[in-house]
Each structure stands twice: as C-alpha cells, then as structure tokens.
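This report sets out the computed geometry of one protein chain. The sequence and the coordinates should be consulted alongside the text.

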Amino acid sequence: MAYSNDTESDIIVPKKWYEKLPREVWSHYPKVDQTDPWFEIYKLTESVYAIYEDGQFEEVISYLVLGEEKAALIDTGNGIGNIKAVVDGLTDLPVIVVNTHTHGDHIGGNHQFTDVAVLESDFSHNKADNGQTREQMGHYIDGDMVWKPLPPYLDVESWRIHPFKVTRWLKDGDKVELGDRTLDVVHTPGHSPDSICLLDKKNKILWTGDSFYPAPIYVYAPTTNLDQFIASFKKMTDMIPSYEWVMPSHNEPRMERHLIKECYEAAVNIKNGTAGEYTEGEAAGIKVHRYDYERFSLIVRAERA
Ligand SMILES: [Zn+2]
C-alpha cells in the first residue's frame with residue numbers, strides 16, 4: 001500500500017525515505033544484541049546508549065544515560081515498541097524519564113515508567129493529561145511511514161500516545177542528579193513551548209531534543225516560534241565551550257558542536273530575509289519554506305520567512 005500523501009507534500013515526507021537507511025554513522029558504534037527487532041541499540045560511550053527506532057519515518061532516538069546511582073531515560077520514543085523492556089535489559093539502576101519535549105514521538109513509552117520529569121508548561125500539562133489520539137498522530141504508522149514489521153505484541157488498532165503521570169515538573173536551570181553525573185535543564189523553546197536541552201558538563205554532551213537534528217527541523221507548526229528558536233540557539237551557541245558533542249533526538253546519535261552555531265546563523269538569516277534560496281511547499285495546510293544546508297534544513301512558515 002502506498003502512502004497517500006494527502007495533507008503533506010514531499011517537502012515533509014520524501015517518497016521512499018527509508019532507502020537512505022542504514023545511515024553510515026551508526027556503524028561507528030557497537031551494536032547491542034537484544035531480542036526486539038523494533039529497536040536498534042547502540043553503545044555510544046561506556047555510559048550512554050542510543051535506542052533508535054529506525055523503522056518509522058521519524059527515526060526517533062531515545063538515550064539511556066547511566067550515573068552511579070540512577071539512570072536517565074531521555075525520551076521514550078513513539079510507543080510502538082516496548083521500550084520499558086529494552087531499558088530493563090540494559091540497566092538495574094532506578095530509571096527517571098526526562099523528556100526533551102512532549103511531542104507524541106518522544107513520550108510514547110512514558111506511561112510505562114513511574115518516575116517522569118517534564119518541563120512545566122501549559123503545553124506539557126495538556127500532553128500529560130491527554131496524550132495524543134491516533135487521529136492527532138496523523139499518518140504516523142500508515143503506509144510508507146513504517147517500513148519495518150510492527151512488533152507482533154502491538155495492538156495496531158488501539159495504538160495511540162497514552163496520558164502519563166509527571167512526578168517532577170522541571171524549570172530552566174534545574175538539575176537532574178544521577179550520582180557523579182548531572183544533567184542541567186536548559187529551556188530552549190521554539191520547536192515547542194516545552195523544549196529543553198540537557199547539558200552534561202562533566203562528560204561534555206548536549207542532548208538537543210528536536211531543537212537540533214540532522215534533517216528538516218520543523219519551525220512551522222502553530223506552536224512553534226522562530227523568534228524563540230533563535231533566542232534558544234543563541235543560548236546553545238553561547239554554551240558551546242561546555243560541550244564537545246551534540247546528541248539529537250532524530251536520525252543520528254552524535255554530531256559536532258559547530259553545527260549549533262551554523263543553525264543559529266541560518267535561523268537569523270531566514271528571519272532577516274538574507275538566507276537566499278528556499279523550496280516552497282505545504283505542510284498540514286500551512287504554506288512553508290524549506291531552507292537546505294549541508295547537514296540540516298529548516299522549515300518555517302512562509303508568511304514569516
Ligand atoms: Zn521529534
């Protein structure tokens with residue numbers, strides 16, 4: 001069955017997107033054997049695992065970060081596979097989920113965990129209370145959006161993003177202590193009102209959520225904000241001496257920090273009308289412009305570009 005692209009143009013979901021898989025970059029990391037083929041698990045460092053869902057178009061990545069006393073699960077994927085079982089197989093430490101933001105593709109497994117930390121905002125309260133219906137997730141698991149077999153234990157008809165309980169509401173500047181490892185919460189709105197980055201100063205890693213990843217970055221939906229996005233990237237650029245590596249929530253697990261500055265400059269140029277060429281398209285009924293750069297793209301509302 002072909003993916004019928006009735007609400008979104010090729011600008012968002014290129015045809016046969018999965019033909020570019022596997023991405024070469026993953027071959028640089030040891031793959032961890034496990035029994036659920038829905039997930040690909042890679043050991044990025046001695047204490048950081050990437051849990052990669054390459055079977056669905058979003059190619060979402062969750063990260064398991066081990067401290068001495070606790071582990072943080074940075075996002076819980078799209079709720080198609082059983083991420084709790086995967087995490088249980090990787091660590092015996094108590095696990096706290098920390099969400100980079102509460103879009104459906106990052107909170108799908110939240111309801112499976114008892115300890116969940118989320119940046120406090122009206123947006124995230126709404127997601128915690130309601131989750132996202134199958135309808136709100138659009139074509140997420142239809143047609144060409146998924147190329148791998150869905151897990152046999154998944155009830156496809158009832159799949160949705162479940163509501164979940166938040167045990168810790170975060171604010172900018174908070175710290176998540178894992179024992180000899182601290183994640184600093186940095187509020188970076190723009191992609192969503194509740195987007196955060198997590199900074200591990202000791203190990204020089206910045207988890208960027210969906211603020212930055214090596215694919216089209218969405219800054220066009222009604223809840224996105226280009227001005228906030230620029231302000232957040234200014235903040236992330238100023239922080240560059242504190243991290244060596246960037247760990248995004250889609251596509252690739254570990255990228256060079258200079259890309260943050262490049263993305264900041266790109267967004268500023270788009271805002272100022274000095275960014276040059278773009279491709280026009282439509283996404284969910286919104287006219288958009290896509291600006292392509294070597295390692296990423298930015299998709300913004302046409303009326304603001
Ligand atoms: Zn996402």
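Where is the place of P22: in which segment of the chain? P22 sits in the segment before β1. The model under discussion is a predicted one.

## Overall architecture

The chain contains five helices and 17 strands. Its C-alpha trace extends over about 50 × 50 × 40 Å along the principal axes. The radius of gyration is 18 Å, which agrees with the value near 19 Å that a compact globule of 305 residues would have.

Of the 305 residues, 56% count as buried. The accessible surface amounts to about 13,200 Å², and carbon and sulfur atoms contribute 50% of that surface. Among contacts with a separation of 6 or more, 63% are between residues 24 or more positions apart.

## Backbone features

The peptide bond that joins L21 and P22 is cis, with omega at about -10°. As stated above, P22 belongs to the segment before β1.

Positive phi angles occur at two residues that are not glycines: D75, with phi of about 75°, and A284, with phi of about 50°. D75 is located in the loop between β4 (71-74) and α1 (83-90), whereas A284 is located in the loop between β15 (279-283) and β16. Is D75 buried or exposed? D75 has 0% relative accessibility and therefore counts as buried. A284 has a relative accessible area of 53% and therefore counts as exposed, since the cut-off for that class is over 50%.

## The second largest pocket

The second largest pocket has a volume of about 250 Å³. Its lining comprises 18 residues, and those that lie nearest the centre are I12, F57, A215, P216 and N251.

Which strands each supply at least two residues of this lining? Both β12 (216-219) and β16 (286-292) do so. By residue class, the lining of the second largest pocket divides into nine nonpolar, three polar and six charged residues. A loop residue already described, A284, lies between β15 and β16, and β16 is one of the strands that contribute to the lining.

## A buried serine in helix α3

S124 is part of helix α3, which covers residues 122-130. Its relative accessibility is 0%, so S124 counts as buried.

Which residues does S124 contact, once its neighbours within four places in sequence are left aside? The contacts of S124 are T102, V118, L119, W169 and D194.

## Two loop residues around β7

V156 and D174 are both loop residues, and β7 (168-170) bounds each loop: V156 is in the loop between α3 and β7, and D174 is in the loop between β7 and β8 (175-177). V156 has 29% relative accessibility and so counts as partly exposed. D174 has a relative accessible area of 13%, which places it under the 20% cut-off, so D174 is buried.

With neighbours within four places in sequence left aside, V156 is in contact with R134, I141 and L150. Under the same restriction, D174 is in contact with R168, W169, L183, D184 and V185. W169 thus appears among the contacts of D174 and also among those of S124.

What C-alpha separations are found for these loop residues? V156 and G109 are 47 residues apart along the chain, and their C-alpha atoms are separated by 15 Å. D174 and L198 are 24 residues apart in sequence, with a C-alpha to C-alpha distance of 10.0 Å.

## A partly exposed residue in strand β1

T45 is found in strand β1, which covers residues 40-45. At 26% relative accessibility, T45 counts as partly exposed, because that class lies between the buried and exposed cut-offs of 20% and 50%.

T45 and K261 are 216 residues apart in sequence. In space, the C-alpha atoms of T45 and K261 are 25 Å apart.

Conventions. Residues are numbered from 1 along each chain as its sequence is written. This is a predicted model: local features need pLDDT of at least 70, side-chain atom pairs count only at pLDDT 80 or more; totals for chains, interfaces and linings use all residues. Side-chain values use heavy atoms; hydrogens and water are left out. On a 1 Å grid over the protein atoms alone, a cavity is a set of points where a 1.4 Å probe fits but cannot get out, and a pocket is an open set with protein on both sides within 12 Å along at least five of seven lines; lining residues have an atom within 4 Å of a point. Grid points are joined across faces, edges and corners, and a volume is the space filled by probe spheres set on the points. Helices (H or I, at least four residues) and strands (E, at least two) are DSSP runs, numbered from the N terminus. Ala, Val, Leu, Ile, Met, Phe, Trp, Tyr, Cys and Pro count as nonpolar, Asp, Glu, Lys and Arg as charged, and the others, Gly among them, as polar. Buried means under 20% relative accessible area, exposed over 50%, partly exposed in between (1.4 Å probe, protein chains only). Contact means heavy atoms within 4.5 Å. The radius of gyration is taken over C-alpha atoms; the globule rule is 2.2 Å times the number of residues to the power 0.38. Accessible areas come from the Shrake-Rupley method with a 1.4 Å probe; for residues, only the protein chains shown count as cover.
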